[in-house]
Every structure is written in C-alpha cells, then in structure tokens.
Amino acid sequence: MDGHQLALPKEIDPGALAARPQRTWKLGQRVAQATLALLLCLGCFLSLFPWGRALTRSALLLPALLIASAPAPLVLTGDPVHFRRLTLSSASGPVFLDIYEPATPPPPIPGGREAIIDVPGAGDNRAVPQLVNLSQSLAREGVVVVNVGTPALFDYRVSARDGEAVVQAFEFLQHWPGVDRQRIGILAFSVGDLMACVGAGDPHIRDRVAFLAFLGGYVDVTSLLGTVGRRAQDVAGQTQPWQPIPTDLYVLARTVSSLLSSSDQQLLRKAFPLAATLAPPLSAQQQAQLSPDAAAYYHLLEGNEPGRVNRNLAALSPPMKALLTQLSPLSVLGQIRARIHLLHDRTDPSIPFTQAQEFAVALTRLHHPYDFAAYSIFSHVQVQSNLDLEQVLGDGSKLLGVLTSMLLVGS
Amino acid sequence: MLILSLLWAVLGLLIGALANAAKLRPATWGRGGRLVMLGLGALVALLGGWLGTWMFGALFATATALWIAVLGVALLSRLITWCNAWLHSWSAVPIKT
C-alpha cells in the first residue's frame, strides 16, 4: 500500500455529527440572550439613572460642540428651541439677557429644568456662531440657557460691579417657569469669569449655585500683566514665549482707563487699538508725555521692557493696584461655595495657560472642590476646526467628563 | 415624532428577532410565533418610546424603548401563554348541572 492510496473512511459516530450544529445553535442562543441582557441594562442605565441621562446628554452635546453645529440625532430627539431677548435693570446698569429655552414643558422626571447662565468674554458676543450653537444645543437637551451681557462687557471693559448682573440673572432664572431653583449653574468664558466669580460669591445666591465652569479664564490680573510684560510664560518650569493678541491689550488698556487722565487714555488708545494686528509702539516723545503710572502700565502692555516687569508693576499707583486686585477673581474665590470646573487650552493665545494653573493652585490652597483639564482643541474659547482624530479622542473624552458633570445637575 | 416612532418600531423588530434567536418564544406558539415575536417587539418598543417621551423627554425615549422592548418580549410572551393556558383551563372546567 503506497502513501497515495486513499484511507478507508473511519467509523462515523452519528451522535457527534448531530451535536456540532446543536452546539453552534446553543452558542447563537447564548449570544442573543447576552445581547438582550446588555441592551436591557444599557437602556435602563441611560434612561432611569441620573448619571445615565447626563451621559446621554453629554454624548449628544459633544459632537455639537466639536463640529460647531447640532448633529442629526440631537435635532431629531431634542426639543424645539424658543429664543427671546430681555433687558433687566440692576444697580450697575442694564443687564442684557438672551434666553434659549426648550419650547416643551419639562417632563415629570426629573421635574424642574436645569438652567445655565453663560457669561461670554469681552465684546458683544451674542451673535458668535459657536455661542449660539452651544446655547441652542443645550436648550434642545432641555436646559434653559441665558447669555448675560452688560454695557461694560460689550465695551470691552472688565468690571467687578458686573457681578451684580450675574446675581440678577440668577434670581431672575429662579422664578423662570419650569426651572428648578437648585439646578442653576454658571459657565463663563475668558474674562467673563470675573463677573461669574463675583456673582457666585454673592451671599444672596452663593449657596444655591450648582456649579461654576470657566473656559479660558484668568485668576490674577497682576500675574497676567507680568506674563504680558515678559511676553513669556512658565509652564512646568520651562519658560515659553507667549504673545498676547491685540484684543487682550485693548481690554487691559480700557479696563483701567477710568484711573488715567484723558491725555493718558488717548495715548493708550492709540497704542492699543481694537484691531486685528498690533499697532506700532508710541514714539519716545509720546511716551514722555505719559504720567509715571500710565508709562509703567504702557511698558507692561507693550512688552518692550521684559526685564523690568517687576519694577513696572511696583511703579503702578496704589489706586491702580487696588483696581487690579478688585479685577482679579482671586480676591473673591474664598466666598464661592460651588464646585469649579477649569478648562483651558495649553496654547491659549489670549489668556495664558499659566492663569489656569494659578487658578488651580489657589483653589487647592483654599481646599475648594474643583477639577482642571488642559486641552488642545480650543483656540481661546472657540473649538478649532479641522481637528485630528487624536485630538478628538483625547480631548473629547475629557470634555465629555466635564459636560456630564455639568449636566448631571439637571438629570 | 414620526421618524422617531419608526425608529422605535425598527428597534423593536430587531429585539423581536433577537428574542427569537434567544429562544424566548414559547414553544406553544408554533411556526407563526416568530412573526408574533417580531410584532410584539415592535409594538412594545413603540409604546416604550412614547412612554419614555412622556416620562423623561424625547431625548431619553429611545433608551426607554430599548429596555421596555427587551422586557416586553421576555415577559409578555410568557404572560400571554400563561393567560391563554389559564383561559383554556377555566373554560375546560365541567359545569355541574
């Protein structure tokens, strides 16, 4: 018998042949049962539990933020949005409110709606597409959103007195139909964090603020001026070059203008206009016309004396130093009760990343509850376009966590 | 809401198919039982979706439709069989004259 000869068929066990398809069929049955059990648990978690509902909301909101428009699932399942514009009067002047609210009544579970007070940065940002998109997307998810503005903020001036506007908006929202008074949080962008901090620290509302979230905010104007003056920031022990954008210098110049003479104001306006590019520096003759106080401030903003930053900061007049302290959220942090979420882009071109680090250090010192996340998807307070997958996955998961925490309040 | 309702119905059909594969269908339903399970899944998912919309809002209605459909095909099929058997046994009791 050679090797090519076919082997005789072995004896076949009919029972073994029948068992094979039966085993496959059993496996398929088990897989189907497991899938059904998984779907049952998933459905229950996402609808019955507050954490699940918050996760559903944030998972729908995240793509809306990343692509800067509401995705189809959110449009399909979200509420229609009702918009109205109102003006309140407060001790510090008019308060402009843009209200985005769901057009349907709140569902029985969880009952009252969550409300978020948005404090955008300097300038009139009410029509900025990303802010409108955020407000509408939140409203589609059943959150009442109020964008707060004041004449000073619209005029690119930062004022601690504007904290009253946040208090007014908060008290106004407490009586808004459908809103649960224990579920009102504050979200501030850029220099809007001063207003938010002053408002959230107000004794009338501080125990009722559900959360505070700051994107691209600052904590101390004096250290901010130091970074602006040096044109450099220290990140993790390394000095990195940092250039402010013209709007920063314009806001910093305008904010202290009430303490300066009209000729100083005029020269600073000339040196730091609201423009897309930096203006040329003042001539030696123009610089000589500045008062010592204004000259020190000018050199800090111009960044032409990086080695004399501390000396220029020390040369500022006592009223100027007092104003800078007043304009720093650091001065009111101790009065805030709510948890704080800090979000900041590592390469923020407007408010240096070190401000968020200082913010976190100050909160740690005060034993204040907070979380801090560094991102690379923002350009100051706006989400960049053309993000790569690594950025979306890395920063997206961090942002999802913060959004879930914010939306848990109303879930 | 029409699109959402269609979505829930399709979801229910899929869950009905999974229930068939998981052998949740009572043996007494015979061959047509497979179709009954699909229909039951679609119907319960639709009801679950509407209930979810009313209770939690439209945002969470799909998740509600999901778990209600799974519970529906798992429990309702047994309940229907049990009721059927009970009705049969009740009608089979001899009437004393």
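In which sense do strand β6 and β9 of chain A pair, and over how many bridges? Keep that in mind as you open the viewer, and remember throughout that this is a predicted model.

**Stop 1: the sheet in chain A**

Start by showing chain A as a cartoon and picking out its strands. You're looking at an open sheet of eight strands, in the order β1-β2-β4-β3-β5-β6-β9-β10, and the pairing is mixed. Go to the edges next: β1 (81-90) and β10 of chain A sit there, each pairing on one side only. As you step across from strand to strand, the twist averages 20°. A bit of background for this view: strands of a sheet pair through backbone hydrogen bonds, in either a parallel or an antiparallel sense.

**Stop 2: β9 and its two partners**

Now select residues 339-345 of chain A, which form strand β9. Six of its seven residues are buried, so β9(A) is largely enclosed by the rest of the structure.

Add residues 209-215 of chain A, and you have β6 alongside; here's the reply to the opening question: β6(A) and β9(A) pair in the parallel sense, over five bridges. To find your place, click A:Phe211, which stands opposite A:Arg339 in β9(A).

Then add residues 370-375 of chain A for β10. Six bridges join β9(A) to β10(A), and these strands run parallel. A handy marker is A:Leu343, standing opposite A:Ala373 in β10(A).

**Stop 3: β5, and a helix lying across**

Bring in β5, residues 179-189 of chain A. Five bridges link β5(A) with β6(A), again in a parallel run. Look for A:Ile186, which stands opposite A:Leu212 in β6(A).

Next, show residues 192-200 of chain A. This is helix α7, and it lies across β3 (113-119), β5 and β6 of chain A, running at about 145° to β5(A).

While you're here, zoom in on A:Gln182, a residue of β5(A). Is A:Gln182 buried or exposed? Neither, quite: with 13 C-beta neighbours inside 10 Å, A:Gln182 counts as partly exposed. Leaving out residues up to four places away in sequence, A:Gln182 touches A:Arg208 and A:Ala210. Try a distance label as well: A:Gln182 and A:Ala115 are 67 residues apart in sequence, yet 9.4 Å apart in space, C-alpha to C-alpha.

**Stop 4: helix α12**

Stay in chain A and select residues 292-302, helix α12. Show the side chains of its buried residues: A:Ala294, A:Ala296, A:Tyr297, A:Tyr298, A:His299, A:Leu300 and A:Leu301. What do these buried residues pack against? Colour α8 (221-230), α9 (246-255), α10 (262-271), α11 (284-289) and α13 (309-314) of chain A, and you'll have the set. Before leaving, click A:Gly303, just after α12(A), where phi is positive, at about 70°.

**Stop 5: over to chain B**

Time for the helices of chain B. Two packed helices are described by the angle between their axes and the distance between the axes.

Select α1 (2-21) and α2 (33-56) of chain B. α1(B) and α2(B) pack at an angle of about 140°, their axes 7 Å apart; they are therefore oblique to each other, and the crossing is right-handed. Residues making this contact include B:Trp8, B:Leu11 and B:Ile15 of α1(B) and B:Met37, B:Leu38 and B:Val44 of α2(B). By type, the contact residues divide into 16 nonpolar, six polar and one charged.

Now swap α1(B) for α3 (61-91) of chain B. α2(B) and α3(B) pack at an angle of about 140°, with axes 7 Å apart, which makes α2(B) oblique to α3(B). The crossing is right-handed. Among the residues that meet are B:Leu51 and B:Phe56 in α2(B), and B:Ile68 and B:Leu76 in α3(B). This contact counts 13 nonpolar residues, nine polar and no charged.

**Stop 6: where the chains meet**

Finally, show both chains together. The contact takes 22 residues from chain B and 24 from chain A. On the chain B side, the elements giving two or more residues are α1, α2 and α3, and α3(B) gives the most, with seven. Colour that side by residue type to see 17 nonpolar, four polar and one charged.

Key: Residues are numbered from 1 along each chain as its sequence is written. Chains are lettered from A and ligands numbered from 1 in the order in which they are written. This is a predicted model: local features need pLDDT of at least 70, side-chain atom pairs count only at pLDDT 80 or more; totals for chains, interfaces and linings use all residues. A residue is buried if 20 or more other C-beta atoms lie within 10 Å of its own, exposed if 12 or fewer, and partly exposed in between; C-beta atoms are placed from the backbone. Helices (H or I, at least four residues) and strands (E, at least two) are DSSP runs, numbered from the N terminus. Two residues are in contact if their C-beta atoms, placed from the backbone, lie within 7 Å. Ala, Val, Leu, Ile, Met, Phe, Trp, Tyr, Cys and Pro count as nonpolar, Asp, Glu, Lys and Arg as charged, and the others, Gly among them, as polar. Axes are lines fitted to C-alpha atoms, for helices over the stretch in contact, and angles run from 0 to 180 degrees between N-to-C directions. Angles under 35 degrees count as roughly parallel, over 145 as roughly antiparallel, 65 to 115 as roughly perpendicular and the rest as oblique. A crossing is left-handed if the near helix is turned anticlockwise from the far one by less than a right angle, and right-handed if clockwise. Two strands pair if DSSP finds at least two bridges between them.
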